[in-house]
Amino acid sequence: MLPSPAIYHFPWEVRAGHVPDGSSLRTFGRLSLYDMTQSRLTLVARHGADQHQVLVCTKLVEPLQAQVGSLYMVLGELELQEGGEAVVKARVLTCVEGMNLALLEHAIREQRLYQQERDGTAHRE
């Protein structure tokens with residue numbers, strides 16, 4: 001059986017626990033740390049004054065040429081580890097250096113608004 005389509009989630013939503021365990025998701029961030037011995041990397045993203053980290057398991061996408069400081073987009077499933085730590089098990093990990101993050105965030109918000117309107121769940125004023 002194929003996994004469900006991945007929904008865009010902001011890194012701060014993943015970090016805050018707004019994404020259920022086992023969900024397919026897409027998220028993004030700058031690579032701050034890659035531990036090839038544990039097949040794990042850390043993506044970071046700023047939201048306001050806060051910096052949010054997303055842990056990513058890279059076992060399914062190795063070997064990879066990780067570039068610390070570059071912007072990456074990940075598609076995968078969220079797994080809650082013991083202790084409540086959330087890890088994205090990557091199916092696809094792509095370097096998207098040069099992408100305009102402000103436009104990406106705007107596009108994600110617009111997509112959500114469209115989906116809500118289509119499903120009839122948008123608040124009408």
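**View 1. T27 sits in strand β2, which spans residues 24-35.** The model shown here is predicted. T27 has a relative accessible area of 0%. This value is under 20%, so T27 counts as buried. Its side chain reaches the backbone oxygen of H9, at 2.9 Å. H9 is also one of the residues in contact with T27 once neighbours within four places in sequence are left aside. The others on that list are F10, P11, V14, V54, Y72, M73 and V74.

**View 2. The largest pocket has a volume of about 240 Å³.** Two elements each give two or more residues to its lining: strand β1 (7-8) and helix α2 (101-119). The largest share, 4 residues, comes from α2. Empty space of this kind is found by rolling a probe the size of a water molecule over the atoms. The lining consists of P5, A6, I7, Y8, H9, R26, I108, Q111, R112 and Q115. By class, 5 of these residues are nonpolar, 3 are polar and 2 are charged. H9 belongs to this lining, and its backbone oxygen is the atom reached by the side chain of T27 in View 1.

**View 3. A salt bridge joins E97 and R30.** Side chains of opposite charge can pair when their charged atoms come close. Here the N to O distance is 3.0 Å. The pair links distant parts of the chain, with the two positions 67 residues apart in numbering. E97 lies in the loop between β6 (86-95) and α2. R30 lies in strand β2, the strand that also holds T27. E97 is partly exposed, with a relative accessible area of 46%. R30 is partly exposed as well, at 33%. The count for the model comes to 7 salt bridges; further examples follow in Views 4 and 5.

**View 4. Within helix α2, R109 pairs with E105.** The closest N and O atoms of this salt bridge are 3.8 Å apart. The two residues stand 4 places apart in sequence, about one turn of the helix. How exposed or buried are R109 and E105? R109 is partly exposed, at 40% relative accessibility. E105 is buried, at 15%. Helix α2 also gives residues to the lining of the pocket in View 2.

**View 5. R118 forms a salt bridge with D119.** Their closest N and O atoms are 3.9 Å apart. R118 has a relative accessible area of 54%. That is over 50%, so R118 counts as exposed. D119 is partly exposed, at 47% relative accessibility.

**View 6. The peptide bond from E62 to P63 is cis.** Omega is near 5° for this bond. Where is P63 found? P63 lies in the loop between β4 (50-57) and β5 (71-80).

**View 7. S39 has a positive phi, near 50°.** S39 is a residue other than glycine. The loop between β2 and β3 (40-47) holds S39. At 9% relative accessibility, which is under 20%, S39 counts as buried.

Key. Residues are numbered from 1 along each chain as its sequence is written. This is a predicted model: local features need pLDDT of at least 70, side-chain atom pairs count only at pLDDT 80 or more; totals for chains, interfaces and linings use all residues. Side-chain values use heavy atoms; hydrogens and water are left out. On a 1 Å grid over the protein atoms alone, a cavity is a set of points where a 1.4 Å probe fits but cannot get out, and a pocket is an open set with protein on both sides within 12 Å along at least five of seven lines; lining residues have an atom within 4 Å of a point. Grid points are joined across faces, edges and corners, and a volume is the space filled by probe spheres set on the points. Ala, Val, Leu, Ile, Met, Phe, Trp, Tyr, Cys and Pro count as nonpolar, Asp, Glu, Lys and Arg as charged, and the others, Gly among them, as polar. Buried means under 20% relative accessible area, exposed over 50%, partly exposed in between (1.4 Å probe, protein chains only). A polar contact is a pair of N or O atoms within 3.5 Å; within protein, one must be able to donate a hydrogen and the other to accept it, and residues adjacent in sequence count only if both atoms are side-chain atoms. Contact means heavy atoms within 4.5 Å. A salt bridge is a side-chain nitrogen of Lys or Arg within 4 Å of a carboxyl oxygen of Asp or Glu.
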